[in-house]
Amino acid sequence: MEEERTHGRGGPGRSWSHRPPPWLRRREGGEDREGGADPESRVARWQRWPWPSTVLLTAFVLVGSNFAAHAQEGERAPLDAFARVLLVLASGLLLWRQRHPVAVVFGTASAAALYLGAGYPYGPVFLTVAVACFTAVVAGHRRAAWTALGLLWAVHLLVAHWLYRWLPPAGDDLASFGQEIVVAGWAVAIVAIAELARIRREQWARERAERAQATRRRADEERLRIARELHDVLAHSLSVINVQSGVGLALLDSDPEQARTALTTIKSASKEALGEVRQMLGSLRTPGDAPRAPAPGLDRLPELVEQAARAGLTVDVAGRPTRLAPHTDLAAFRIVQEALTNVVRHSGSRHARVRLDQGGGTLRLLVDDDGPATGADAGGGGNGLAGMRERAAALGGTIEAGPRPDGGFRVLAVLPTRAGEHQ
């Protein structure tokens, strides 16, 4: 422990909480163990700074200002060292436009105001203000961008209509109001383009967030669907296996033939469960392929009754629905399967009744037993009942489950027969 908390020979102890280990320093600060910069972090830092666009814009401003000076020779003051310093300063500030957009927009506006007040030729220097204003608006600093642009326009009004008498170039005339309209239109155009870019950027961000949320929602729904299917398949089959294994163990010595029947039931139930699990896993591995076997429906209700009979439960079935939509058919089968599984697991009754009534655009499933309950979770208070409710709710139906007044337990499901349109 002492070696872990000290650095250097004979030095005082120092906790890691004050100095992160080398691998963490490398990740956070971009330095390796030898103290040098990590090449990958150098590339990342280079990409974060807008070097290429800033260099190109600086060159454009310098070259364009020279052309503007030749075109306005005799009308404006010639470019000197101070003018070029202002041009480089206004362009160089754009290197920080993504990190400090407010400071940059005010800095470029100030440099352009000094350039304008010194009487230098009109030219690309105002492009730096436009870029800084655009970046600030897109970043959400709208008020700062408008304020900086308004201050620059105010300086232009003062210079062109009042201070021109004392500022260079000598003999400058009063500016026309037509020129002010052009300047105002230029400022409005910058703000309008920046606002459009900001709105579009917010729309893209909102669309990305909605797509991500929809993807998470689909993943959650698929996870719940898989959990329901696995629970319904395994809970029923394992309940039958559990009951029959107890029967087999009890009768192994006294009634070997009955024990053989119990083992046969176990084999049949486990084989069916394995087949359904393989089918489900196969559909997960190859989601684009159609399932090799049709999804179970109420046409397999006789098989379900036979399995329940092997577990010692007598089931009376009344009613027979017409052809249902696949989703409704599967949900109805799983609800009946889970309800009978709960009778086998939680009820002392060896007799259950299933009633199916179809009419008025709905299918009513009624499963009840005579009880008594053998535990606190008599109706299946865990994932099974929650799964039934989720299946019914997904189709726009309802589930009512609870003890009957005369004893026993009842499950009533009401499902729309056109659930395929609800999906």
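**Exercise 1. How many bridges join strand 4 to strand 5, and in which sense do the two strands run?**

Start with the two stretches: in this predicted model, strand 4 covers residues 398-403 and strand 5 covers residues 409-416. Next, look at the pairing. There are 6 bridges between strand 4 and strand 5, and the two run antiparallel. To pin down the register, take alanine 401: its bridge partner in strand 5 is valine 411. Finally, check the connection. Strand 4 and strand 5 make a hairpin with 5 residues between the strands, and glycine 407 there has a positive phi near 105°.

**Exercise 2. Work along the pairings of strand 3: which residues stand opposite each other in strand 3 and strand 5?**

Begin on the strand 2 side. Strand 2 and strand 3 are antiparallel and share 8 bridges. One pair to find on screen is aspartate 357, which sits opposite arginine 364 of strand 3. The hairpin of strand 2 and strand 3 has just 2 residues between the strands, and glycine 360 in its turn takes a positive phi of about 65°.

Now go to the other side of strand 3. Here 8 bridges tie strand 3 to strand 5, again with the strands antiparallel. Two pairs help you line things up: aspartate 368 is opposite arginine 410, and leucine 365 is opposite alanine 413.

**Exercise 3. What is the strand order of the sheet, and which strands stand at the edges?**

First, put the strands in order. The sheet is open, has 5 strands in the order 1-2-3-5-4, and its pairing is mixed. Second, read off the ends: strand 1 (314-318) and strand 4 each have a single partner strand, so each has one side without a neighbour in the sheet. Third, look at the twist. On average, neighbouring strands are turned by 10° against each other, ignoring direction.

One more element belongs in this picture. Helix 12 (residues 326-346) lies across strands 1, 2, 3, 4 and 5, and runs at about 10° to strand 3.

**Exercise 4. How do helix 6 and helix 7 pack: roughly parallel or roughly antiparallel?**

Take the geometry first. The axes of helix 6 (residues 101-117) and helix 7 (residues 125-138) come within 9 Å and cross at roughly 160°. An angle over 145 degrees counts as roughly antiparallel, so that is the label for helix 6 and helix 7. The crossing itself is left-handed.

Then list who touches whom. Helix 6 brings residues including Val104, Val105, Ala109 and Ala112, while helix 7 offers, among others, Phe126, Val129 and Ala132. Sorted by class, this contact of helix 6 with helix 7 has 13 nonpolar, 2 polar and no charged residues.

**Exercise 5. Which residues of helix 5 meet helix 6, and at what angle do the two helices pack?**

Angle first: helix 5 (residues 81-92) packs against helix 6 at about 160°, with the axes 9 Å apart. That makes helix 5 roughly antiparallel to helix 6, and their crossing is left-handed. Now the residues: Ala83, Leu86, Leu87 and Ala90 of helix 5 meet Thr108, Ala111, Leu114 and Tyr115 of helix 6. The class count comes to 7 nonpolar, 1 polar and no charged residues.

**Exercise 6. What is the packing angle of helix 6 and helix 8, and which residues of helix 8 take part?**

Helix 6 and helix 8 (residues 142-161) pack at about 5°, with their axes 9 Å apart. The two are therefore roughly parallel. From helix 6, the contact includes Val102, Phe106 and Ala113. Helix 8 answers with Ala144, Ala145, Thr147, Ala148, Leu151, Leu152, Val155, His156 and Val159. By class, you get 14 nonpolar, 3 polar and no charged residues in this contact.

**Exercise 7. How many salt bridges does the structure hold, and which side chain does glutamate 195 meet in one?**

The total is 12 salt bridges. In one of these, glutamate 195 meets arginine 198, at 2.8 Å from N to O. To see how the pair is placed, use the spacing: glutamate 195 and arginine 198 are 3 residues apart in helix 9 (residues 177-251), so about one helical turn separates them.

Note on methods: Residues are numbered from 1 along each chain as its sequence is written. This is a predicted model: local features need pLDDT of at least 70, side-chain atom pairs count only at pLDDT 80 or more; totals for chains, interfaces and linings use all residues. Side-chain values use heavy atoms; hydrogens and water are left out. Axes are lines fitted to C-alpha atoms, for helices over the stretch in contact, and angles run from 0 to 180 degrees between N-to-C directions. Helices (H or I, at least four residues) and strands (E, at least two) are DSSP runs, numbered from the N terminus. Angles under 35 degrees count as roughly parallel, over 145 as roughly antiparallel, 65 to 115 as roughly perpendicular and the rest as oblique. A crossing is left-handed if the near helix is turned anticlockwise from the far one by less than a right angle, and right-handed if clockwise. Contact means heavy atoms within 4.5 Å. Ala, Val, Leu, Ile, Met, Phe, Trp, Tyr, Cys and Pro count as nonpolar, Asp, Glu, Lys and Arg as charged, and the others, Gly among them, as polar. Two strands pair if DSSP finds at least two bridges between them. A salt bridge is a side-chain nitrogen of Lys or Arg within 4 Å of a carboxyl oxygen of Asp or Glu.
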